[in-house]
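Dear colleague,

Here is the structure I said I would pass on. My notes follow below.

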Amino acid sequence: PFSLAAFFNQRRRWCKGWYQTLIVLWRNPLRLLRELGPVRYAAITLTLGANILGSLAAPLCGLCLGFDAVLGSAAMPADGWHDGLAGVCTTVIVAGVPGLLWPALLGMKRRRLLRLWPVLALLPLYSLLICAAAWAAICDLARQPFHWHKTEHGLAHRRSGGNAPSLIV
């Protein structure tokens, strides 16, 4: 996408699509299980669930762990609920960060772009942007279930001839 707003709306639309897909598939979970079988059923549920929960919660989990590291027990009192939350947050970060970095590094290596690895420091900002888009998508789903934010791709250039066809770059 050409701009940050277009990028945000594209991700917002994608998240909304994931939510709607999960809702439709889970209208009748027993039928879905019969049609897909247990392995495919688990795969589709885990894939959509990870996309949805990761988008919504990963940055929040990172913030919780950061507060806990800085503030110690004041941020996360020691009871069962908070210990469980800390465990979930830790699991999301420990599994999610390598899951985000590894494919990026592998792609950079394959394209001989490893010199750009410092750009990966921007991934936390990207993650926050995706989180905001995911929450905006929930609001969209509730308020405007049939509205889709369109994404404009590229730039249209016109020749000086006036009626010349547009060239998408």
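**Nonpolar patch and helix H2**

Helix H2 (29-71) and helix H4 (123-143) each contribute at least two residues to a nonpolar patch. Helices are DSSP runs of H or I with at least four residues, strands are runs of E with at least two, and both are numbered from the N terminus. This is a predicted model, in which local features need pLDDT of at least 70 and side-chain atom pairs pLDDT 80 or more, while totals for chains, interfaces and linings use all residues. Residues are numbered from 1 along each chain as its sequence is written, and side-chain values use heavy atoms, without hydrogens or water.

The patch lies on the surface, has about 1,200 Å² of accessible area together (Shrake-Rupley, 1.4 Å probe, only the protein chains shown counting as cover) and includes Leu60, Phe67 and Trp135. H2 gives the most, with five residues. Val119, also in the patch, is found in the loop between helix H3 (80-110) and H4.

H2 has a kink of about 115° at Gly37, shortly before Pro38; the bend is the angle between axes fitted to the seven residues ending there and the seven starting there. Gly37 is also buried, as are Tyr41 and Pro59, among others in H2; buried means under 20% relative accessible area (1.4 Å probe, protein chains only). Helix H1 (4-25), H3 and H4 are among what covers the buried residues of H2. Just after H2, Gly72 has a positive phi of about 70°.

Overall, the protein has four helices and two strands, in the order α-α-α-α-β-β. Of its 169 residues, 22% count as buried.

Regards

Terms used. Patches are made of residues with over 30% relative accessible area and no salt bridge: like charges are joined within 9 Å, nonpolar side chains (Val, Leu, Ile, Met, Phe, Trp, Tyr) within 5 Å. A salt bridge is a side-chain nitrogen of Lys or Arg within 4 Å of a carboxyl oxygen of Asp or Glu. Buried means under 20% relative accessible area, exposed over 50%, partly exposed in between (1.4 Å probe, protein chains only). Contact means heavy atoms within 4.5 Å.
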